[in-house]
Amino acid sequence: MGDKIILEDKFQKRIDAGEKIEPKDWMPEKYRKTHIRQISQHAHSEIVGMLPEGNWITRAPSLRRKVGLLAKVQDEAGHGLYLYSAAETLGISRDQLFDQLHTGKAKYSSIFNYPTLSWADIGAIGWLVDGAAIINQVMLTRTSFGPYARAMVRICKEESFHQRQGYEIMLGLANGTPEQKEMAQDALNRFWWPSLMMFGPRDEDSPNTEQSVKWKIKRKTNDELRQQFIDITVPQAEYIGLTIPDPDLKWNEERGHYDFGEIDWDEFWTVVKGNGPCNKERLQARIDAWDEGSWVRDAAMSYAEKQANQIGKEKLAS
């Protein structure tokens, strides 16, 4: 017990000094499990997040928009792979990570359980959802676990492109016909509150926040990040002539921040627990893709084994 306390004390001193923790370093078991949970949830969100957008690739209004959306979805697949690889350095296999997702044990961002009903929704996802992700993820480039922090550097660069792409779509619609502007406003109305929920529960309802901040897994709390997102996004909406769907929203000169209305936390927990508009549809799509792709995985493994055997024979012959 005494040795464990000494190790934990040394570990915390390394964190406080701003050192990066690497996979082979000693770490508390809770630190390891917290990172597996957080990184895998992030990876799952990237993969599941491809589904509502992939549905619009063939229906995008121009070739330019098709190419842009296709590139974005491809980026998200890459992000998932980076993150799964980072999680694997903590001693969990890719198959275990997928099993946790497919059985509902592991979560992903609640925002992807809402439907994309119009082309404007793709703009709203880029502007709001990826904008919220950037607020969260820039902080993670300085997180204490080295593989996660390094993966986030490239991911954040690509997410910033996605956010600008989404904002450009909304800008074009807002400056288009009255019908197009109405479509953009409708998408904003539906995605605004779910985007605020992306930062997680209120700090007082988040049991992991205090420890995560102490270990520098997170640099800011859920509520701090949510406020930062609102302060950045409201002027962007005003610039393109759209209205944030919050009658309580107003600038507070004394605080230097926007005050905003109460989030529907009942809705948040309903979606998190698997009862949102698209929870079952999203999860089933992932399970189907996994099952239907089994022959590809088997073929790849067979080919790798064949190549390894061939190399082995060549070495023996030489």
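Reader: How do you know that the end C-alpha atoms of helix α7 (residues 146–174) are as far apart as its 29 residues should span?

Author: The expected span is 1.5 Å times one less than the number of residues, which gives 42 Å for α7, and its end C-alpha atoms are 42 Å apart, so the two agree. Helices here are DSSP runs (H or I, at least four residues), numbered from the N terminus. Bear in mind that this is a predicted model, where local features need pLDDT of at least 70 and side-chain atom pairs count only at pLDDT 80 or more, while totals for chains, interfaces and linings use all residues. Residues are numbered from 1 along each chain as its sequence is written, and side-chain values use heavy atoms, with hydrogens and water left out.

Reader: What happens at Val-153 of α7?

Author: α7 bends there by about 30 degrees. That is the angle between axes fitted to the seven residues ending at a residue and the seven starting there.

Reader: Why are α6 and α7 called roughly antiparallel?

Author: The axes of α6 (residues 119–140) and α7 cross at roughly 150 degrees, coming within 7 Å. Axes are lines fitted to C-alpha atoms, for helices over the stretch in contact, and angles run from 0 to 180 degrees between N-to-C directions. Angles under 35 degrees count as roughly parallel, over 145 as roughly antiparallel, 65 to 115 as roughly perpendicular and the rest as oblique. So α6 and α7 are roughly antiparallel.

Reader: What is the hand of the crossing of α6 and α7?

Author: Left-handed. That word applies if the near helix is turned anticlockwise from the far one by less than a right angle; clockwise makes it right-handed.

Reader: And what is the hand of the crossing of α6 and α8?

Author: That one is right-handed. The axes of α6 and α8 (residues 178–197) cross at roughly 35 degrees and come within 9 Å.

Reader: What makes α2 and α4 roughly antiparallel?

Author: Helix α2 (residues 29–48) and helix α4 (residues 63–88) have axes that cross at roughly 160 degrees and come within 8 Å, and therefore the two count as roughly antiparallel. The crossing is left-handed. Contact (heavy atoms within 4.5 Å) involves residues including His-42 and Ile-47 of α2, and Gly-80 and Leu-83 of α4.

Reader: What makes the phi of Lys-216 stand out?

Author: Phi of Lys-216 is near 60 degrees, a positive value in a residue other than glycine. Most residues other than glycine have a negative phi. Lys-216 lies in the loop between α9 (209–214) and α10 (222–239).
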